[in-house]
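Here are some notes for your reading of this model. Keep the structure open beside them and find each residue as it comes up.

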Amino acid sequence: MSKDSVTVAGIDCGTNSIRLKVARVDANGMHEVVPRILRVIRLGQDVDKTHRFADEALERAYVAAREFADVLAEHPVDGLRFVATSATRDAENREEFEDGIEKILGVRPEVIPGTEEADLSFLGATSVVNRDDLEAPYLVVDLGGGSTELVIGGDGITAPTTQVQGAFSMNIGSVRMTERHLKNDPPTDEEIAQAIADIDEHIDEAFQHVDAGKARTIIGVSGTVTTMTALAIGLKEYDHSVVDGYRLGLEEAYAIDDKFLKMTRAERREYKTIHPGRIDVVGGGAVVWNRVLAKVSEAAEQDHGTPINSYVASEHGLLDGIVLDYGRRLLAQ
């Protein structure tokens, strides 16, 4: 007898944070069993420089994994998929990390390539958008700690809006840019200029693989994007129900990104909207986001004569994509 639904857990372990989601997946999509749990573990601490995981970073990851194991003990699942991304791709001692996680959770982390990360982020982001409000094609931007994925979908005429038409993973993110360039507190103008030059080079390369100018709507997923959106709206405390699906004008985005990039860490700490684990790297993320928005808007104007003047923030990205994709595959079996 075939099942009409499965309960699955997904873990997304990035450069800065690790997330768990448990959901029931059926023909109608995803139904949350355990709301997303997020822990900031900074697994990618110094990986850009040393190409190794620091012992204290591994310990932070194991603490979070043990917490997730306790949650999963209370909510039995038909399957668990643990996905690791940018920092793990770059770490020479990743086997030690994989062994440690497998001991705790009973599954081995899958270190997925940037292209699969991009596809799953796009699936997660577009599985919940209200397509009546948003003009296709959608460009999904998943701005992580170590990498940033650009993924463009179909136009709804020649290809379905949910079908990936091009994807590219750039080795730029909030942690990587902070560690590589923004070393002073606050960063100097010269450091910011160096970060921008580095980011622009990566975006120009990405545009050779992804026809970003075809986009009519930008959907931003990730902690950097949702945090900056919450700050722009003026939320005193983070509220995902307000941020999810919020459309923000690019001029407002540039202003808020710039403001927080140039702040000291002590000043940022005054804002409860920013997760404590992001305070030191949110400026690095902001400068990446700023450049992506500006360059995509410019490319859109060159392509079809109209710049994009806003973006939509989404709470749904890679983690949702992991759970939905895995659930569908289990159902198909």
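Which residue's side chain meets that of Asp303 in a salt bridge? The points below start from there. Please bear in mind throughout that the model is predicted.

1. The partner is Lys214: its side chain and that of Asp303 form a salt bridge with an N to O distance of 2.8 Å. The two residues are 89 residues apart, with Asp303 in helix H12 and Lys214 in the loop between helix H7 (189–207) and strand S9 (217–221). The pair therefore links distant parts of the chain.

2. Consider next how open these two side chains are. Asp303 has a relative accessibility of 33%, so it counts as partly exposed. Lys214 is partly exposed too, because its relative accessible area is 40% and the buried class ends at 20%.

3. The structure has 28 salt bridges, and another to look at is Arg89 with Glu117, at 3.2 Å from N to O. Arg89 sits in helix H3 (residues 86–90) and Glu117 in helix H5 (residues 114–126). They are 28 residues apart, and this pair also links distant parts of the chain.

4. The two ends of that bridge fall into separate classes. Arg89 is partly exposed, because its relative accessibility is 23%. Glu117 comes to 5%, so it counts as buried.

5. A third bridge joins the side chains of Arg176 and Asp90, with 2.6 Å between N and O. Arg176 belongs to helix H6 (residues 174–180) and Asp90 to helix H3, and their positions lie 86 residues apart in the numbering as the stated separation. Arg176 is at 8% relative accessibility and so counts as buried, while Asp90, at 24%, counts as partly exposed.

6. Neither Arg176 nor Asp90 should be read as an isolated partner. Salt bridges with shared partners connect Asp48, Asp90, Arg176, Arg180 and Asp198 in one network.

7. Turn now to helix packing. Helix H10 (residues 250–261) packs with helix H12 (residues 282–304) at an angle of about 155°, and their axes are 8 Å apart. An angle over 145 degrees is the cut-off here, so H10 is roughly antiparallel to H12. Their crossing is left-handed.

8. Which residues make this contact? On the H10 side they are Leu250, Ala253, Tyr254, Asp257, Asp258 and Leu261. On the H12 side they are Gly283, Ala286, Val287, Trp289, Asn290, Leu293, Ala294 and Ser297. By class, nine are nonpolar, three polar and two charged.

9. H12 also packs with H7, at an angle of about 45° and with the axes 10 Å apart. The two helices are therefore oblique to each other, and their crossing is right-handed.

10. In this contact, H7 supplies Ala195, Ile196, Ile199, Asp200, Ile203, Asp204 and Phe207. H12 supplies Val287, Val288, Arg291, Val292, Lys295, Val296 and Ala299. The contact has 10 nonpolar residues, four charged and no polar ones.

11. As a last check, follow H12 through the points above. Helix H12 packs with H10, packs with H7, and holds Asp303, whose side chain meets Lys214 in a salt bridge. Val287 is listed in the contact with H10 and again in the contact with H7.

Terms used:
Residues are numbered from 1 along each chain as its sequence is written. This is a predicted model: local features need pLDDT of at least 70, side-chain atom pairs count only at pLDDT 80 or more; totals for chains, interfaces and linings use all residues. Side-chain values use heavy atoms; hydrogens and water are left out. Axes are lines fitted to C-alpha atoms, for helices over the stretch in contact, and angles run from 0 to 180 degrees between N-to-C directions. Helices (H or I, at least four residues) and strands (E, at least two) are DSSP runs, numbered from the N terminus. Angles under 35 degrees count as roughly parallel, over 145 as roughly antiparallel, 65 to 115 as roughly perpendicular and the rest as oblique. A crossing is left-handed if the near helix is turned anticlockwise from the far one by less than a right angle, and right-handed if clockwise. Contact means heavy atoms within 4.5 Å. Ala, Val, Leu, Ile, Met, Phe, Trp, Tyr, Cys and Pro count as nonpolar, Asp, Glu, Lys and Arg as charged, and the others, Gly among them, as polar. A salt bridge is a side-chain nitrogen of Lys or Arg within 4 Å of a carboxyl oxygen of Asp or Glu. Buried means under 20% relative accessible area, exposed over 50%, partly exposed in between (1.4 Å probe, protein chains only).
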